[in-house]
Amino acid sequence: MTTADRPRQGLRPAFRHWRARRPFWGGLLLALGGGWILLTEKASLKVVLHIGMQGLAGYLLPGLMLLLGLLILFNPAQRLFYSITGVLLSLGTWVTSNLGGFLIGLLLGVTGSCLAFGWLPDQEPRRARKQAKSADGAGLTKV
């Protein structure tokens, strides 16, 4: 058995297989949005204002966004609930967390939630354009 006949083994192919079975980019962007907003909460700017419950919500909403992003990655069966909750939390950070992490975290959260919501688990993996063209052209014969 040659090395070309063996199935691909290693860390990268295993990660690609794991990533293909879940809404990876959606969960990652939602988690990054929550992390970015938490990071901007600690910014040493005079713009930051925390009073009462709004101060608690300023940490609670992005913390939940980060948690939901990780849940989308590790429990993709419940992605619809997590993504709807994630987009609502992302929009809520506009008021509670420095304009949603100065708009960057809000956009990351909304984009990630939308990607996770639109992900279809039954869809076959996409082929590269070169592979698709060669497969389409291989079945045709010239007359």
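Here are a few short exercises on this predicted model, each with a worked solution.

Before you start: residues count from 1 along each chain as its sequence is written, and side-chain values use heavy atoms, leaving out hydrogens and water. Local features need a pLDDT of at least 70 and side-chain atom pairs count only at 80 or more, while totals for chains, interfaces and linings use all residues.

**Exercise 1. Find where confidence is lowest and where it is highest in the chain.**

Start with the score itself: pLDDT is the predictor's confidence in each residue, from 0 to 100. The chain averages 83, and 78% of the residues score at least 70. Now go helix by helix (helices are DSSP runs of H or I, at least four residues, numbered from the N terminus). Helix H7 (residues 129–138) sits lowest, with a mean of 68, and helix H6 (residues 104–118) highest, at 96. Where pLDDT is low, don't read the predicted coordinates in detail.

**Exercise 2. Work out which helices build the largest nonpolar core.**

First, the terms. Buried means under 20% relative accessible area, exposed over 50% and partly exposed in between, using a 1.4 Å probe and protein chains only. A nonpolar core joins buried Ala, Val, Leu, Ile, Met, Phe, Trp, Tyr and Cys residues through side-chain atoms within 4.5 Å.

Next, list the members: Leu30, Ile37, Leu61, Met65, Leu68, Ile72, Tyr82, Leu89 and Ala116, 9 residues in the largest core. Helices H2 (24–41), H3 (53–74) and H4 (79–96) each give at least two of them. H3 brings the largest share, with 4 residues.

Finally, zoom in on Leu61. Skipping neighbours within four places in sequence, Leu61 is in contact (heavy atoms within 4.5 Å) with Leu89, Gly92, Thr93 and Thr96.

**Exercise 3. Decide how the buried residues of H4 are arranged around its axis.**

Check the length first: H4 has 18 residues and spans 25 Å from first C-alpha to last, close to the 26 Å expected at 1.5 Å a residue. That expected span is 1.5 Å times one less than the number of residues.

Then pick out the buried ones: Arg79, Tyr82, Ser83, Gly86, Leu89, Ser90, Thr93 and Thr96. They cover an arc of only 140° around the axis, so they lie on the same side of H4. The arc is taken from the directions between helix axis and C-beta atoms.

Last, look at the face turned away from that buried side: it carries the exposed residues Phe81, Leu88 and Val95.

How values were computed: Helices (H or I, at least four residues) and strands (E, at least two) are DSSP runs, numbered from the N terminus.
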